[in-house]
Amino acid sequence: MGAALYDLKSITLTLGGFQIEGFAENEAIRFEWADDAARVTHTADGAMVVSRSTIDTLFVTLSVMNTSDSYRELAAQVYEQHGFGLPRELRPNQIGPNPFQMIDGPIGDFCNSRHAVYLNRPNLDKSSNAGMTQFRLALNKPRFQFGLNTAFNTV
């Protein structure tokens, strides 16, 4: 069975109160956990010990077209969140988070967090083959549900 793909037209994604559209066609939205759910170690006598991870961070990569309104909005949010453009001594000591929400109604997937932080600065590639930019975010303590109504969960 092949991998489940999102129909980008059915996804509603808002970030900092702005609805994101104009996704790139390949790898438009990717989620990746910061750590595995559990760790396995072994004691001196060889017994296996499993411990649950306490890291509750989800990385999200959004790929948007450079010609979209979303590209301009996301780039502005990055610069505002980190205080770029301000002299270093005037930049905030703490990074204020943005709210993140993604809903895919037909599939039943959702992910939201009140604590989305941009990890990278947008590329400023103006070459002839520049078509998309990836924005990486970290979501702290996200609420999520993936795959409830997909073919992988047909109980």
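Buried here means under 20% relative accessible area, exposed means over 50%, and partly exposed is in between, using a 1.4 Å probe and protein chains only. Keep that scale handy for the tour.

A word on the model: it is predicted, with local features needing pLDDT of at least 70 and side-chain atom pairs counting only at pLDDT 80 or more, while totals for chains, interfaces and linings use all residues. Numbering runs from 1 along each chain as its sequence is written, and side-chain values use heavy atoms, with hydrogens and water left out.

**Stop 1: Lys141.** Select Lys141, in the loop between β9 (132-140) and β10 (143-145). Helices (H or I, at least four residues) and strands (E, at least two) are DSSP runs, numbered from the N terminus. Check the backbone: phi of Lys141 is near 50°, a positive value in a residue other than glycine. Lys141 is exposed, at 59% relative accessible area.

**Stop 2: β9 and its partners.** Now step back along the chain to β9. Two strands count as paired if DSSP finds at least two bridges between them. Strand β6 (residues 57-65) pairs with β9 in the antiparallel sense over 9 bridges, and you'll find Met65 opposite Met132 of β9. Strand β8 (residues 109-118) also runs antiparallel to β9, joined by 3 bridges; try selecting Tyr118 with its bridge partner in β9, Leu137.

**Stop 3: the second largest pocket.** Keep Met65 selected and add Asp7, Leu8, Lys9, Ile11, Gln19, Ile20, Glu21, Gly22, Phe23 and Glu25 to see the lining of the second largest pocket. A pocket is an open set of points on a 1 Å grid over the protein atoms alone, where a 1.4 Å probe fits and protein lies on both sides within 12 Å along at least five of seven lines; lining residues have an atom within 4 Å of a point. Its volume is about 230 Å³, the space filled by probe spheres set on the points. The lining has 5 nonpolar, 2 polar and 4 charged residues, with Gly counted as polar.

**Stop 4: the salt bridges.** How many salt bridges does the structure hold? There are 2, each a side-chain nitrogen of Lys or Arg within 4 Å of a carboxyl oxygen of Asp or Glu. For one, pick Asp35 and Arg39, whose closest N and O atoms are 2.9 Å apart. Asp35 is buried at 18%, whereas Arg39 is partly exposed at 45%. Then go to Arg72 and Asp69, with closest N and O atoms 2.6 Å apart. Both sit in helix α1 (residues 69-82), 3 residues apart, about one turn of the helix. Arg72 is partly exposed at 46%, and Asp69 is exposed at 54%.
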